[in-house]
Amino acid sequence: GKPVCECNTCFGGPDCSEFSPGCPADADSGDPLFLEPFWMQNAASSAMLVAGWHRMSYRFSDLSFISQELEKHIRKVHAIAKNAVTEGKYIVFGGGSTQVLNAAVYALSQQNSSSPAKVFASIPYYPIYKSQTDFFRSVDFEFEGDTSLLDNSTSDDPTNVIEFVTSPNNPDGQLKKAVLQGPSVKTIHDHAYYWPHFTAIPAPADEDVMIFTISKLTGHAGSRFGWALIKDEAVYQTMLTYMTMSEMGVSRDTQLRALKLLKVVLEGEGREIFDFAYETMRKRWEKLSQTLAMSKRFSIQEILPQYCTFFQKVRGPSPAYAWLKCEREEDRDCSAVLQAANIIGREGSMFTAGNRYVRLSLIKSQDDFNLLLQRINKLVSEEDDIK
Ligand code: PMP
């Protein structure tokens with residue numbers, strides 16, 4: 001009979017259940033589906049049923065757009081993960097951390113300066129910092145590029161400077177510190193991956209503007225929920241204004257769902273989800289490293305073991321992405337080399353690095369990871385044949 005579904009390049013046969021050998025190993029996007037099995041195991045406690053009459057209003061009972069209950073739970077999650085100091089900090093919610101990032105740039109650029117604030121990040125950096133800052137074409141801020149481009153000779157210029165610090169970094173998973181200094185420098189710390197899943201937590205982060213997201217904490221990227229922890233009250237007020245102007249705050253439905261999910265995160269002092277997430281990511285990294293240890297053609301970043309205050313032990317790497325490098329002189333386009341082996345990665349140029357580099361996502365589903373590993377294994381085992 002006719003197929004009951006529309007088959008894709010990965011599955012064929014009469015009912016689309018047969019795996020097609022030509023299916024690409026897609027390691028491009030940072031979709032955090034590795035957490036799906038955790039939520040399947042916690043399906044009942046994380047489920048939501050919302051009555052039609054519930055949460056219809058623009059506002060919560062305190063007349064704000066922000067759920068106090070959710071705010072309390074976010075502070076608790078940081079306290080148990082030991083990854084951020086929330087005492088004395090304000091919280092702003094956004095539609096994913098993507099929206100919060102721009103709100104922060106906007107707020108930090110309001111300095112009554114005659115020229116726009118200059119925005120920097122260190123290569124390799126997450127592309128949205130540039131694309132979003134360019135897209136809004138604001139008179140208040142503009143993206144400059146790599147932090148090395150800041151001309152220190154003009155350090156007494158009153159122009160204000162904003163630096164994005166991504167720690168751990170996307171794409172290479174390294175813990176990072178701000179590199180620009182001075183009275184006119186403001187810093188936005190993007191801590192999307194600063195959770196025990198992806199890195200050791202050496203100490204709670206205590207910076208002035210810190211940004212987090214449930215996308216990489218619980219894996220619910222589709223709910224679009226992120227937040228900022230902010231020290232300065234004026235910066236907080238300006239970010240709130242931004243959220244009010246652009247969207248009158250985050251969807252109350254999303255806030256409800258985030259609350260439900262964080263309650264499950266808090267079960268067993270976080271051990272359930274953090275153990276699961278760390279173990280999953282650690283095993284993936286171990287397998288990929290073992291395979292690539294046999295390769296002369298490809299290398300991946302080294303991440304040193306570090307003491308983690310959450311697990312209270314020295315722990316090895318478990319990054320969200322592999323930052324793969326093609327070592328051979330002739331492999332200048334590393335992403336093309338992978339593509340020939342039916343592996344899709346994100347090319348280094350996307351992160352303003354050279355095309356000798358490719359980012360491979362390790363946070364997708366187990367099937368995605370297994371196929372990636374299988375293809376890399378094959379590529380490495382063929383190395384001697386080529387030479
Ligand atoms: N910051 C970094 C470093 C990211 O990698 C991502 C998503 N890949 C984000 C922010 C944005 O995530 P979201 O908007 O889903 O919170």
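**Strands, ligand shell and domains**

Q: Which residue is the bridge partner of Ala 121 in S7?
A: In S7, Ala 121 has Phe 164 as its bridge partner. The model is predicted: local features need pLDDT of at least 70, side-chain atom pairs count only at pLDDT 80 or more, and totals for chains, interfaces and linings use all residues. Residues are numbered from 1 along each chain as its sequence is written.

Q: What makes strand S5 and S7 a pair?
A: Two strands pair if DSSP finds at least two bridges between them. Strand S5 (residues 117-121) and S7 share 4 bridges, in the parallel sense. The two strands therefore count as paired. Strands here are DSSP runs of E, at least two residues, and helices are runs of H or I, at least four residues; both are numbered from the N terminus.

Q: How many bridges link S7 and strand S8?
A: S7 and strand S8 (residues 185-190) pair over 6 bridges, in the parallel sense. In S8, Val 161 is partnered with Val 185.

Q: Why is strand S7 called largely enclosed?
A: A residue is buried if 20 or more other C-beta atoms lie within 10 Å of its own, exposed if 12 or fewer, and partly exposed in between, with C-beta atoms placed from the backbone. In strand S7 (residues 161-166), 6 of the 6 residues are buried, so the rest of the structure largely encloses it. Val 161, Glu 163 and Val 165 point one way, and Ile 162, Phe 164 and Thr 166 the other; all are buried.

Q: Which strands are the edge strands of the open sheet, and what makes them so?
A: The open sheet has 4 strands, in the order S11-S14-S17-S16, with antiparallel pairing. Strand S11 (298-299) and strand S16 (346-347) each pair on one side only, and they are the edge strands. S16 is joined to strand S17 (residues 357-361) by 2 bridges. That meets the minimum of at least two, so S16 and S17 pair. In S17, Val 358 is the bridge partner of Glu 347.

Q: How many residues surround the ligand, and what puts a residue there?
A: A residue is near a molecule if its C-beta atom, placed from the backbone, lies within 6 Å of it. 13 residues surround the ligand; the closest are Gly 96, Ser 97, Thr 98, Thr 213 and Ser 215. Helix H4 (residues 96-108) gives the most to this shell, with 3 residues.
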